[in-house]
Amino acid sequence: MRTIRSLGLLLCAVLVVAGCATGGARAPLRVAALYCGEIQIPDISPWSPGFNQGRPMTFSDNCYLIQHGSDWMLWDSGLADALAANPDGAGGPMGMRMRRTKTLASQLAALGVAPEQIKIVAFSHTHADHVGNANQFAGATLYMQQAEHDAAFGAEPGKFGFNPALYAKLRDAKVVKLNGDKDVFGDGSVVILSTPGHTPGHQSLLLRLPKTGAVILSGDCAHFEENFDQRRVPRFNFSREQTLASMERVAQLMRTERAQFWINHDGEQNAGLAHGQFID
Ligand SMILES: [Zn+2]
């Protein structure tokens, strides 16, 4: 009996040491996926060249509210809230139709969070379906790759498919420019991953949740599971080579971290995700 007890104590001691080695005590962490619109696409073959000719798909579009201790962080901001006023939504390139039936602002309010409480904001990249509400968070500190910042605030944002009016108020925001990964809170629980390719400074987000375990928020590293599994690169991506390397990097991290990969635009996968509720 005594042997079993001391064995248990020894095991605890080993686990504590292991905990210390990976960053020690972490502040509580939780995340809520928020509905940030949907995009109907009549033909998804441009996203998977040579495949899926004429196949329609509805992309989901999420934002993610993250609480780390007493700090709030927003990852992606979805389609513009203004769209919610029009049930028909708005048309886009390649026959796309974009809609949102409720605003990001109302979902934050339902969780008791005011936009000005959000201290950190980061976007996977600067396309309209990810920065649609960026201007609501001009008071936050922006975490952005240098390469994306140069493209977004440079002379030719349109060349990268960006609409600068959507994020104009962030031009003078406090910004942390990144050249690679960033451990946001310094305890390993929220890590921005540099995953370029879709855009010059595209990034994904690794969350190490206390109960759920590791989750990687995709951004547009891949738009749906089949494309990720088959390593298919949309024809309009900034760099095919970088995209493939980024997908490979995510796949490797999924193995080493035993991480789930939450693909933002994968409507099917997204249907299994609870929205507006925190998970830890
Ligand atoms: Zn995109």
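Reader: Of the 280 residues of the protein, what share counts as buried?

Author: The share that counts as buried is 39%, where a residue is called buried if 20 or more other C-beta atoms lie within 10 Å of its own, exposed if 12 or fewer do, and partly exposed in between, with C-beta atoms placed from the backbone. The model is a predicted one, so that local features need pLDDT of at least 70 and side-chain atom pairs count only at pLDDT 80 or more, while totals for chains, interfaces and linings use all residues. Residues are numbered from 1 along each chain as its sequence is written.

Reader: Why does Ser 218 count as buried?

Author: Ser 218 has 26 C-beta neighbours inside 10 Å, and therefore counts as buried. Ser 218 lies in the loop between β12 and α5 (225–229), and, leaving aside residues up to four places away in sequence, it touches Ser 204, Phe 261, Trp 262, Ile 263 and Asn 264, a contact being a pair of C-beta atoms, placed from the backbone, within 7 Å.

Reader: How do you know whether Pro 210 is buried or exposed?

Author: The neighbour count decides: Pro 210 has 11 C-beta neighbours inside 10 Å and therefore counts as exposed. Pro 210 sits in the loop between β11 (203–209) and β12 (213–217), and its contacts, not counting residues up to four places away in sequence, are Leu 29 and Asp 280. Leu 29 is 181 residues away along the chain, yet the two C-alpha atoms are separated by 7.0 Å.

Reader: And what makes Arg 240 partly exposed?

Author: With 13 C-beta neighbours inside 10 Å, Arg 240 falls in the class between the other two, and so counts as partly exposed. Arg 240 belongs to helix α6.

Reader: How many helices and strands does the protein have, and why is it said to be as compact as a globular protein of its length?

Author: There are seven helices and 14 strands, these being DSSP runs numbered from the N terminus (helices H or I, at least four residues; strands E, at least two). The radius of gyration is 20 Å, close to the 19 Å that the globule rule gives for 280 residues, and the protein is therefore as compact as a globular protein of that length; the radius is taken over C-alpha atoms, and the rule is 2.2 Å times the number of residues to the power 0.38. Along the principal axes, the C-alpha atoms fill a box of roughly 70 × 40 × 35 Å.

Reader: Which residues have the most contacts inside the largest nonpolar core?

Author: They are Leu 34, Tyr 64, Leu 65, Met 73 and Trp 75, in a core of 62 residues. Strand β1 (residues 29–41) supplies the largest share of this core, nine residues. The term denotes a set of buried Ala, Val, Leu, Ile, Met, Phe, Trp, Tyr and Cys residues joined through C-beta atoms within 7 Å. Leu 65, for its part, touches residues including Val 31, Leu 34, Leu 74 and Val 113.

Reader: What makes strand β3 (residues 71–75) and β6 a pair?

Author: Two strands pair if DSSP finds at least two bridges between them, and β3 and β6 have four, in the parallel sense; among the matched residues, Trp 75 has Ala 122 of β6 as its bridge partner. Strand β6 (residues 118–122) also pairs with strand β7 (residues 141–145), again in the parallel sense, over two bridges, and Val 121 stands opposite Leu 142 in β7. Four of the five residues of β6 are buried.

Reader: Why is the unit made by β7, helix α4 (residues 146–153) and β8 called right-handed?

Author: The name applies because, with the strands pointing away from the viewer, the path from the first strand over the helix to the second runs clockwise, and the β-α-β unit of β7, α4 and β8 is classed as right-handed. Four bridges join β7 to strand β8 (residues 175–178) in parallel, with Tyr 143 matched to Val 176 in β8.

Reader: In the open sheet β9-β10-β11-β12-β13, why do β9 (182–183) and β13 (260–262) count as edges?

Author: The sheet has five strands with mixed pairing, and β9 and β13 each have a single partner strand, so one side of each is left without a neighbour in the sheet. Helix α6 (residues 240–257) packs on this sheet, touching β11, β12 and β13, and its direction makes about 170° with that of β12; axes are lines fitted to C-alpha atoms, for helices over the stretch in contact, and angles run from 0 to 180 degrees between N-to-C directions.

Definitions and conventions
Contact = placed C-beta atoms within 7 Å.
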